[in-house]
Amino acid sequence: MSNSICRCTRPIHPMRIEFGFDTCIDCADELNIAPPKGRMVYIDKCAPTIEIMSAETWNENKDRFMPKGPRSAVKNFSKNISS
Ligand SMILES: [Zn+2]
């Protein structure tokens, strides 16, 4: 697994090998694999964490991650109880 030459005979960047990739950056672009996505998870107000997920998972769940409507929590709350 310490092969540092890509199948296209170009050298692979050592940092890519360290992260487990076996292709050079040019071949990675050709494979056209969507890069992973992440979101901030606020477990408490001091220490948010980043959750990494595949682009597929992101697309399935992005409606839940992206804020919609007014940015005021009070407005959202009053809108929900009055409907
Ligand atoms: Zn390559």
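In which strand does valine 41 lie? Valine 41 lies in strand β1, and this briefing walks you from the whole chain down to residues like that one. What you are looking at is a predicted model, in which local features need pLDDT of at least 70, side-chain atom pairs count only at pLDDT 80 or more, and totals for chains, interfaces and linings use all residues. Residues are numbered from 1 along each chain as its sequence is written.

**The whole chain**

- The protein chain holds four helices and two strands; helices (H or I, at least four residues) and strands (E, at least two) are DSSP runs, numbered from the N terminus.
- Following the sequence, you will meet these elements in the pattern α-α-β-β-α-α.
- Just 2% of the 83 residues of the protein chain count as buried. A residue is buried if 20 or more other C-beta atoms lie within 10 Å of its own, exposed if 12 or fewer, and partly exposed in between, with C-beta atoms placed from the backbone.
- Among contacts with a separation of 6 or more in the protein chain, residues 24 or more positions apart account for 2%. Two residues are in contact if their C-beta atoms, placed from the backbone, lie within 7 Å.

**How confident is the predictor?**

- The protein chain has a mean pLDDT of 81, and 86% of its residues reach 70 or more; pLDDT is the predictor's confidence in each residue, from 0 to 100.
- Within the protein chain, helix α1 (residues 14-18) has the highest confidence, at a mean of 91, while helix α4 (residues 73-82) has the lowest, at 68.

**The two strands**

- Strands β1 (residues 37-41) and β2 run antiparallel and are joined by five bridges; two strands pair if DSSP finds at least two bridges between them.
- Along this pairing, glycine 38 stands opposite isoleucine 52 in β2, and arginine 39 stands opposite glutamate 51 in β2.
- Neither strand is well covered: β1 has zero buried residues among its five, and β2 (residues 49-53) also has zero among its five.

**Valine 41, back in β1**

- Why does valine 41 count as exposed? Valine 41 counts as exposed because it has 10 C-beta neighbours inside 10 Å.
- Leaving out residues up to four places away in sequence, valine 41 touches Pro48, Thr49 and Glu51.
- The C-alpha atoms of valine 41 and glutamate 51 are separated by 6.6 Å, and these two residues are ten residues apart along the chain.

**Residues outside the strands**

- Threonine 9 is found in the segment before α1. Its phi is positive, at about 75 degrees, although threonine 9 is not a glycine.
- Threonine 9 is exposed because it has 7 other C-beta atoms within 10 Å.
- Alanine 34 belongs to the loop between α2 (25-31) and β1, and it counts as exposed because it has 10 C-beta neighbours inside 10 Å.
- Although alanine 34 and alanine 55 are 21 residues apart along the chain, their C-alpha atoms are separated by 6.0 Å.
- Lysine 62 sits in helix α3 (residues 55-65), and with 11 C-beta neighbours inside 10 Å it counts as exposed.
- Between the C-alpha atoms of lysine 62 and arginine 39 there is a separation of 9.8 Å, with the two residues 23 residues apart along the chain.
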